[in-house]
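Morning, everyone. Please have the structure open on your screens. I'll keep this short.

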Amino acid sequence: MDTPVPPHAADTPEAPETPEPQQPPGPRRPRAPRYRDRHGRGMRGPLAPPQVPLSVSRSDAFDDLVRDAADRLERRWPQLAEVEFAVQDVPVLGPDGADDRIAVAGDDIVPLGRLIAAGTTGKGSPNRIVIYRRPVEIRAKNREERALLVHEVVVEQVAELLGLSPENVDPRYGEE
């Protein structure tokens, strides 16, 4: 007995059969969590405690030093609240090789910071103290020296702004 073939099925070629993927015999178990690494030394712990940032760049750390020194002086001198503290990498030299904004005694002296008086950069601009990061970092041998030098430079610039001696601005100036 012949079975009738529907008209639409007779015109299409038969598709080749694809073998189904074979499963391994037996039930499949879920994978257990790993408690040790492949070398047997245990899983790796956190690189740093959660409250510590993983990476702080040198410029961010320097900015924090300037901010700390400024905050310490602001508590003693409230009029410093209107002063802007800024950090630049290096002093900007004019076209002839000399910095026209900084009075430099000799050609081989690189300033560590400077005071820009109010109104110098534009109408209504506040007093600004700029600390130069690279010259300070080059002169300091370690973190403690760098923190001390940053504080001294900030004190010197604030003293120039207030018209006082650095010892009057911060009694601990020059110690160590």
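Let's start with contacts: among those between residues at least 6 apart in sequence, what percentage join residues at least 24 apart? In this protein, 55% do. Keep in mind that this is a predicted model.

Now the overall layout. The protein has five helices and three strands. Read from the N terminus, the order is α-α-β-β-β-α-α-α. There are 176 residues, and 26% of them count as buried.

On to helix H4. H4 runs over residues 143-162, which makes 20 residues. From its first C-alpha to its last, H4 reaches 28 Å. That is close to the 28 Å expected at 1.5 Å a residue.

Look at the two ends. At the N-terminal end, Asn142 acts as a cap. One of its side-chain oxygens lies 3.3 Å from the backbone nitrogen of Glu144. At the other end, just after H4, comes Gly163, with a positive phi of about 75°.

Which residues of H4 are buried? The list is Leu149, Val150, His151, Glu152, Val153, Val154, Val155, Gln157, Val158 and Ala159. And what covers them? The cover includes two helices you can find by number, H2 at 58-76 and H3 at 133-139. Helix H5, at 166-169, is also part of the cover. So are the strands: S1 at 84-88, S2 at 113-116 and S3 at 128-132.

Take one of those buried residues, Gln157. Gln157 sits in H4. Its relative accessible area is 8%; buried means under 20%, so Gln157 counts as buried. Leave out residues up to four places away in sequence, and Gln157 touches Gly113, Arg114, Leu115 and Ile129.

Next, the largest pocket. Its volume is about 300 Å³. The lining has 16 residues, and the closest to the centre are Arg72, Ala147, Leu148, His151 and Arg172. Which element gives the most to this lining? H4 does, with six residues. H2 and H4 each supply at least two. What about residue classes in the lining? Count nine charged, five nonpolar and two polar residues.

Let's visit two of those central residues. Arg72 is in helix H2. Buried or exposed? Neither: Arg72 has 33% relative accessibility, and partly exposed covers the range between 20% and 50%, so Arg72 counts as partly exposed. Setting aside neighbours within four places in sequence, Arg72 is in contact with His151, Asp170 and Arg172. Arg72 and His151 are 79 residues apart in sequence. In space, their C-alpha atoms are 9.3 Å apart.

Then Ala147, found in helix H4. Ala147 is partly exposed, at 29% relative accessibility. Along the chain, Ala147 and Ala69 are 78 residues apart. Their C-alpha atoms are separated by 8.6 Å.

One last stop, away from the helices. Where is Ala118? Ala118 lies in the loop between S2 and S3. Its relative accessible area is 45%, and Ala118 is partly exposed. Not counting neighbours within four places in sequence, Ala118 is in contact with Ser125, Pro126 and Asn127. Val83 is 35 residues from Ala118 along the chain, and their C-alpha atoms are separated by 9.0 Å.

To recap. H4 has 20 residues. H4 also gives the most to the lining of the largest pocket. Arg72 lies in H2 and is one of the residues closest to the centre of that pocket. Thanks, all.

How values were computed
Residues numbered from 1 in each chain as written. Predicted model: local features only at pLDDT ≥ 70, side-chain atom pairs only at ≥ 80, totals over all residues. Heavy atoms only, no water. Helix = DSSP H or I, 4+ residues; strand = E, 2+ residues; numbered from the N terminus. Expected span 1.5 Å × (residues − 1). Buried < 20%, exposed > 50% of the residue type's maximum accessible area, 1.4 Å probe, protein only. Contact = heavy atoms within 4.5 Å. Polar contact = N/O pair within 3.5 Å; in protein donor to acceptor, adjacent residues only side chain to side chain. 1 Å grid on protein atoms, 1.4 Å probe; cavity = no way out; pocket = protein on both sides within 12 Å on 5 of 7 lines; lining within 4 Å. Points joined across faces, edges and corners; volume = space filled by probe spheres on them. Nonpolar A, V, L, I, M, F, W, Y, C, P; charged D, E, K, R; others polar.
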